[in-house]
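User: Can you take me through the charged pairs in this one? Short answers are fine.

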Amino acid sequence: RANVALATISGDDAQTLEYYRNNRNLNFTTHLFETSAIFEFYIALPSTGTKYNLRSIAGQRLAPRFFQQIGFYLFSGIGGFYYEPTAINNLNYNTTNYWNADFEPNTSSKIVRLRNLHTEGQGMPNDPAGFEIGKTYSTVALCIPMGFGIEKAFNSYTGLKMELGYRYTSTDYLDDVSR
């Protein structure tokens, strides 16, 4: 099957009770747009009719009809996704701490694209991540979706699926930092 997914991941230091992380005042939000090709392997196929629902000599069904209509499957595939981490500059800095005393925040924009900031020094001389000078991570990456699902068939044309999936990605920069 072809799959298109939209997702959002985020984090905010304001949510922690740890003093130093709370004062660090960092946050991020990343919206992801993924397309993938996924292969499904059915452990049990959902049945939509009573063609194979045999009856005993007494006329009772040998299997409950409800469970015949449920299918179980595993899935895996390959895909790609676009992402761009952003942060909200909330302009709220505690200047009573000595490390913030001389800091003047940039007030020109409330939403900041983090990739442009080279947060970990990506692309700068002596870059620990190993990027070329002036370069940083790409906003497009590969992923391998995998998981399992349950499918309930209502008839030959309609049904309902529930999946639990995991994505292995080729990048560690979903939150703009790698280490």
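User: Is Arg1 buried, partly exposed or exposed?
Analyst: This is a predicted model. In it, Arg1 has 36% relative accessibility, so it counts as partly exposed.

User: Which residue does Arg1 form a salt bridge with?
Analyst: Glu163, with the closest N and O atoms 2.8 Å apart. The two are 162 residues apart: Arg1 sits in the segment before strand 1 (2–12), and Glu163 is in strand 7 (residues 159–169). Glu163 is partly exposed because its relative accessibility is 38%.

User: Which residues share a network of salt bridges with Arg1?
Analyst: Arg1 is linked with Glu40, Lys161 and Glu163.

User: What is the distance for Glu40 and Lys161?
Analyst: Their closest N and O atoms are 2.9 Å apart. This pair also connects distant parts of the chain, with Glu40 in strand 2 and Lys161 in strand 7, 121 residues apart. Glu40 is partly exposed at 27% relative accessible area, and Lys161 is partly exposed at 37%.

User: Switching to Arg167. Which residue is its salt-bridge partner?
Analyst: Glu34, with 3.0 Å between the closest N and O atoms. Arg167 lies in strand 7 and Glu34 in strand 2 (residues 27–44), so the salt bridge ties together parts 133 residues apart in sequence.

User: And Glu34, buried or exposed?
Analyst: Buried, because its relative accessible area is 8% and the cut-off for buried is under 20%. Arg167 is partly exposed, at 30%.

User: How many salt bridges does the count come to?
Analyst: Five.

Notes: Residues are numbered from 1 along each chain as its sequence is written. This is a predicted model: local features need pLDDT of at least 70, side-chain atom pairs count only at pLDDT 80 or more; totals for chains, interfaces and linings use all residues. Side-chain values use heavy atoms; hydrogens and water are left out. A salt bridge is a side-chain nitrogen of Lys or Arg within 4 Å of a carboxyl oxygen of Asp or Glu. Helices (H or I, at least four residues) and strands (E, at least two) are DSSP runs, numbered from the N terminus. Buried means under 20% relative accessible area, exposed over 50%, partly exposed in between (1.4 Å probe, protein chains only).
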